[in-house]
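Here's a quick briefing to read alongside the model. Keep the viewer open and follow the topics in order.

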Amino acid sequence: MAPEEQLRVFQEIEEQGLELSAIYHSHAHTAAFPSQRDVDYAFYPDSLILIISLMENEVPQIAAFQIENGKIQKKAVKLIEKK
Ligand SMILES: [Zn+2]
């Protein structure tokens, strides 16, 4: 997201009393684990960080983390496939 758009979305979330429950991004060539950059930019400790790894093309891996003060905590995540 562009920074201005991000700011606008965060203002909307606040105005409407919503909660940012998760932020997701993908890793094209690395595992589903936070990079140093992810840790450095983890500004929302109350939100889950979902990372989808596309390292193994056939089977995308997904993992959830909480990052607070540079500390990475892995969280359980359950995927429900809708047919
Ligand atoms: Zn990342």
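What follows is a short lead and then bullet points by topic.

Bear in mind that this is a predicted model. The protein chain has 2 helices and 4 strands, running along the sequence as α-β-α-β-β-β. The 4 strands form an open sheet, and a zinc ion is coordinated by two histidines, His25 and His27, plus Asp38.

**Overall build**

- Measured out along its principal axes, the C-alpha trace covers about 40 × 35 × 25 Å.
- Of the 83 residues in the chain, 19% count as buried.
- Take the contacts between residues at least 6 apart in sequence: 45% of them join residues at least 24 apart.

**The sheet**

- The strand order is S1-S2-S3-S4, and the pairing is mixed.
- S1 (22-27) and S4 (71-75) sit at the edges with a single partner strand each, so one side of each has no neighbour in the sheet.
- Going from one strand to the next, the twist averages 30°.
- As a reminder, strands of a sheet pair through backbone hydrogen bonds, in either a parallel or an antiparallel way.
- The parallel part of the mix includes S1 and S2, which pair over 6 bridges; here Tyr24 has Leu50 in S2 as its bridge partner.
- S2 (residues 48-53) and S3 (residues 61-68) go the antiparallel way, over 5 bridges.
- Two places to look at in S3 are Ala63, which stands opposite Ile51, and Gln61, the bridge partner of Ser53.

**The zinc site**

- The donor atoms are NE2 of His25, NE2 of His27 and, listed twice, OD of Asp38, at 1.9 to 2.5 Å from the zinc ion.
- In sequence, the donor residues follow the spacing H-x1-H-x10-D.
- What makes the arrangement irregular? The angles subtended by the 4 donor atoms run from 57 to 160°, whereas a tetrahedral call needs all angles between 85 and 135 degrees.
- Are the two histidines buried or exposed? His25 is partly exposed, because its relative accessibility is 25%, while His27 comes out at 8% and so counts as buried.

**Ser47, ahead of S2**

- Look for Ser47 in the loop between helix H2 (36-40) and S2.
- With a relative accessible area of 4%, Ser47 is buried; the cut-off for that is under 20%.
- A polar atom of the Ser47 side chain lies 2.7 Å from the backbone oxygen of Leu20.
- Beyond its neighbours within four places in sequence, Ser47 is in contact with Leu20, Ser21, Ala22 and Ile23, and also with Phe65 and Gln66.

**Ile72, on edge strand S4**

- Ile72 lies in S4 and is partly exposed, at a relative accessible area of 31%.
- Not counting residues up to four places away in sequence, Ile72 touches Phe33, Pro34 and Val39, along with Phe65, Gln66 and Ile67.
- Phe65 and Gln66 turn up in the contact lists of both Ser47 and Ile72.
- From Ile72 to Tyr41 there are 31 residues in sequence and 12 Å in space, C-alpha to C-alpha.

**Two loop residues to click on**

- Val59 belongs to the loop between S2 and S3.
- The relative accessible area of Val59 is 46%, so this residue is partly exposed.
- Val59 and Ser26 are 33 residues apart in sequence, with 13 Å between their C-alpha atoms.
- Which loop holds Asn69? Asn69 is in the one between S3 and S4.
- Asn69 isn't a glycine, yet its phi is positive, at about 50°.
- Asn69 is also exposed, as its relative accessible area is 79%.

How values were computed: Residues numbered from 1 in each chain as written. Predicted model: local features only at pLDDT ≥ 70, side-chain atom pairs only at ≥ 80, totals over all residues. Heavy atoms only, no water. Donors = N, O, S within 2.8 Å, 3.2 Å for Na, K, Ca; no water. Tetrahedral: all angles 85-135°; square planar, octahedral: opposite > 155°, others 65-115°. Buried < 20%, exposed > 50% of the residue type's maximum accessible area, 1.4 Å probe, protein only. Pairing = 2+ DSSP bridges. Axes fitted to C-alpha atoms, helices over the stretch in contact; angles between N-to-C directions. Polar contact = N/O pair within 3.5 Å; in protein donor to acceptor, adjacent residues only side chain to side chain. Contact = heavy atoms within 4.5 Å.
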